[in-house]
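Good morning, and thank you for the opportunity to present. I should like to walk you through a few local features of the structure now coming up on the screen.

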Amino acid sequence: MPEHATESGFAYKVELCQTLGVRTVLMVGAAAYFLRYGIWALDGLPVSVMVTSQALHGVCYACFFATAFIYVDRIAPKEIQHSAQTVFGIIILGGGPLLGGWLQGVLINHFAVDGDTGFTGLWSTLSMIGLATTVFLFFLFRDESRGADPTRPDPEAEALAAETH
């Protein structure tokens, strides 16, 4: 069952990219970060709103990270496709958390007052980074994958699947 859910989720993302375009889907993900962190920056919201805002995490991930991986797969030449995915993964899942951890420390030190972390300032800053990313994507991102076939077969994956069945 989980395999089918994953496969249909991937197919849906590919269809979404084809219908709306990679730039629009990436912008939806970045805008979801803006909204999610903007909600967290507001004081006095009911816990139910804060918990419900966690649903935006799925939108953020699916529309930003997963789409970015699909995009790298589309634009990388076939012979280096796996290496491109690996390098992109190292940057996003390795360098991103390192930079984010450092930035979080800087922001906490900047917004802390008398031992209070200053979460409003922290989340507001992260929300503005999401907004800036959305604007950046709108004005500067050019989809170089137009016309590429996102469903092109992967011979290695097909061989592995044939071995396991």
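I begin at the surface. Met128, Leu131, Val135, Phe136, Phe138, Phe139 and Leu140 together make a nonpolar surface patch of about 680 Å². Please bear in mind throughout that this is a predicted model.

One member of that patch, Phe138, belongs to helix 6, which covers residues 119-140. Is Phe138 buried, partly exposed or exposed? Its relative accessibility is 41%, so Phe138 counts as partly exposed, a class that lies between the 20% and 50% limits.

Let us now turn to Phe141, in the loop between helix 6 and helix 7, the latter being residues 155-164. Phe141 has a relative accessible area of 14% and is therefore buried, the cut-off for that class being under 20%.

Which residues does Phe141 touch, once neighbours within four places in sequence are set aside? The contacts are Val22, Arg23, Leu26, Tyr71 and Phe136. As for Val22, 119 residues separate it from Phe141 along the chain, while the two C-alpha atoms are 9.4 Å apart.

Another of those contacts, Tyr71, takes us to helix 4. Tyr71 is among the buried residues of helix 4, which also include Leu56, Cys60, Cys63 and Ile70. Helix 4 consists of 21 residues, 55-75, and spans 30 Å from its first C-alpha to its last, close to the 30 Å expected at 1.5 Å a residue. Helix 4 nevertheless has a kink of about 30 degrees, centred on Thr67, and Thr67 is itself buried.

Notes
Residues numbered from 1 in each chain as written. Predicted model: local features only at pLDDT ≥ 70, side-chain atom pairs only at ≥ 80, totals over all residues. Heavy atoms only, no water. Helix = DSSP H or I, 4+ residues; strand = E, 2+ residues; numbered from the N terminus. Expected span 1.5 Å × (residues − 1). Bend = angle between axes of the 7 residues up to and from the residue. Buried < 20%, exposed > 50% of the residue type's maximum accessible area, 1.4 Å probe, protein only. Patch = residues over 30% accessible without salt bridge, like charges linked within 9 Å, V, L, I, M, F, W, Y side chains within 5 Å. Areas by Shrake-Rupley, 256 points an atom, 1.4 Å probe, with all protein chains shown as cover. Salt bridge = Lys/Arg side-chain N within 4 Å of Asp/Glu carboxyl O. Contact = heavy atoms within 4.5 Å.
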